[in-house]
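Thank you all for coming; I would like to walk through one structure, going from an unusual spot in the backbone to the sheets and then to the helices. Please have a look at the sequence and the model before I begin.

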Amino acid sequence: MTIRHPAGLPTGLAALDRPLVMGVLNVTPDSFSDGGQHFAREQAIAHGLRMHALGADIVDVGGESTRPGAVRIDLDEELRRALPVVEALSQAGVPTSIDTMRPQVARAAVQAGACLVNDVSGGLADQAMPGTVAELGVPYVIMHWRGHSDRMADLANYGDVVGEVVAELEQRIAAATAAGVAPESIVVDPGLGFAKQAEHNWALLRALPALIARGYPVLIGASRKRFLGSLLADADGQPRPVDRRDAATDAVSALAAATGAWGVRVHDVAGSRDAVLVGQAWQGTAADHADRADRIVITGVRAIGYHGVFEFERREGQEFVIDLIVHLPSRFAATTDDLSDTIDYGVVAQRVHDVITGEPVDLIETLAERAAAAVLALGAARVEVTVHKPQAPIPVPFDDVAVRIDRP
Ligand code: PMM
């Protein structure tokens, strides 16, 4: 089961083979769920450490509230709130991300130890953000966003919410890559609750397989949001209070993990940590997702080789034929039309041809293993190799004999 992590993630996190749990740490007086609770610096640091101990893989530090209706704070205030917390947690060995729309905050936070930039505006709030992230070389979460919190309720107008959100995310991805962000370092987030009504959030969650299938790691931020409160409304129609939405959040985390999400951004870290493991075990969809990878198929790469256990095989040689299914690590080339985003099939065929004509071995298993290693070395995520030996010394009539392997 493989999770595709964004490039640039610290090795400790990139080694995880399960969806990541990102703990929410709002160093704000007014965020909708935890606003005010961790506003004092020492409290915020203590809460970050606690979330890490409970299983947060990353603690997402934000100094500016994005709750519906929130008004912006100035740059200095955002820096004053977020930076010391990022710095203290990073020094304590807790991986942190910075939740900001401002490139200046992103830069200072990464310099203080943050390992990822979470930009809820996906680069729309400040055009300098993607270029800054490109320079910083850290993963970049591009969230779907239409405007600042004071006006986002008015922007929740969609004909086809899934189509529009995906198209708008693609535009932000294009802007980010044009500014130098590596496509491999991008994570996308549908931005639940940001210029979205409850029905829009549910439509996006139902469409999660399609979003994941576009090839970018996907982050989901449903935690304690209003659409869960209205789903769980009481008999009088009163929404479930914010502090009693964690079980519903955990359910979203499990389902997101089962669908193949890269990570969940949550307040209740312990619950979601369990939930993502359940979701992953339930479906094994990371493997399904890998099964949907784009592939290059090459059949019939042939050459004379001198492989075999018999002396005459080593002396006279015979034809070996190799078929390949090369699973690509991403689907980028299908969108970018750029050869550098895929593996050149001419190079693949040449390397495999070289294996056939190369150093003799006894077994076609060994030949298949060498061909697989050569293809994996070109950056394939997985390769299926079939080596045929149609003139093998088999003492009865036969059409073909072959060995098929699947690596890694
Ligand atoms: N939601 C909030 C803030 N930052 N970042 C990402 N990537 N995705 C989200 O859904 C998201 C976010 C707002 O809610 P909060 O009060 O939980 O921080």
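Where is the place of arginine 224? Arginine 224 is in the loop between S7 and H9, where helices (H or I, at least four residues) and strands (E, at least two) are DSSP runs, numbered from the N terminus. Before I say more about that residue, please keep in mind that this is a predicted model, in which local features need pLDDT of at least 70 and side-chain atom pairs count only at pLDDT 80 or more, while totals for chains, interfaces and linings use all residues. Residues are numbered from 1 along each chain as its sequence is written, and side-chain values use heavy atoms, with hydrogens and water left out.

Back to the backbone, then. Most residues other than glycine have a negative phi, and most peptide bonds are trans. Arginine 224 is not a glycine, and yet its phi is positive, at about 60°. The peptide bond from arginine 407 to proline 408 is cis, with omega near 0°, and proline 408 sits in the segment after S12.

Now to the sheets. One open sheet is formed by eight strands in the order S6-S5-S4-S3-S2-S1-S8-S7, with parallel pairing; two strands are taken to pair if DSSP finds at least two bridges between them. Strand S6 (186–189) and strand S7 (219–220) stand at the edges with a single partner strand each, so one side of each is left without a neighbour in the sheet. Within this sheet, strand S2 (residues 58–62) and strand S3 (residues 96–99) run parallel and are joined by four bridges, and valine 59 stands opposite threonine 96 in S3.

A further open sheet has four strands in the order S9-S10-S11-S12, and here the pairing is antiparallel. Its edge strands are strand S9 (295–305) and strand S12 (402–407), each of which pairs on one side only, and the twist averages 15° from one strand to the next. For such angles, axes are lines fitted to C-alpha atoms, for helices over the stretch in contact, and the angles run from 0 to 180 degrees between N-to-C directions. S9 is joined to strand S10 (residues 318–327) by nine bridges, the two running antiparallel, and isoleucine 296 stands opposite valine 326 in S10.

Two helices lie across these strands, with contact meaning heavy atoms within 4.5 Å. Helix H15 (residues 345–357) lies across S9 and S10 and runs at about 30° to S9, whereas helix H16 (residues 364–376) lies across S10, strand S11 (382–388) and S12, running at about 145° to S11.

That brings me to helix against helix. Two packed helices are described by the angle between their axes and the distance between the axes. Helix H3 (residues 75–91) packs with helix H4 (residues 103–111) at an angle of about 20°, with the axes 10 Å apart. H3 and H4 are therefore roughly parallel to each other, a label given to angles under 35 degrees, while those over 145 count as roughly antiparallel, 65 to 115 as roughly perpendicular and the rest as oblique. Leu75, Glu78, Leu79, Leu83 and Val86 of H3 make the contact with Gln104, Val105, Ala108 and Ala109 of H4.

Helix H6 (residues 161–178) and H7 pack at an angle of about 75°, with their axes 9 Å apart, and are therefore roughly perpendicular to each other. The contact is made by Val161, Val162 and Val165 of H6 and by His200, Ala203 and Leu204 of H7.

How many aromatic pairs does a search of the whole structure find? The search finds two, where rings of Phe, Tyr and Trp (its six-membered ring) pair if their centres lie within 6.5 Å, and planes under 30 degrees apart count as stacked, over 60 as edge-to-face and the rest as tilted. The rings of tryptophan 202 and phenylalanine 227 have centres 5.0 Å apart and planes at 70°, so this pair is edge-to-face. Tryptophan 202 lies in helix H7 (residues 198–206) and phenylalanine 227 in helix H9 (residues 226–231), so the pair ties together parts that are 25 residues apart in sequence.
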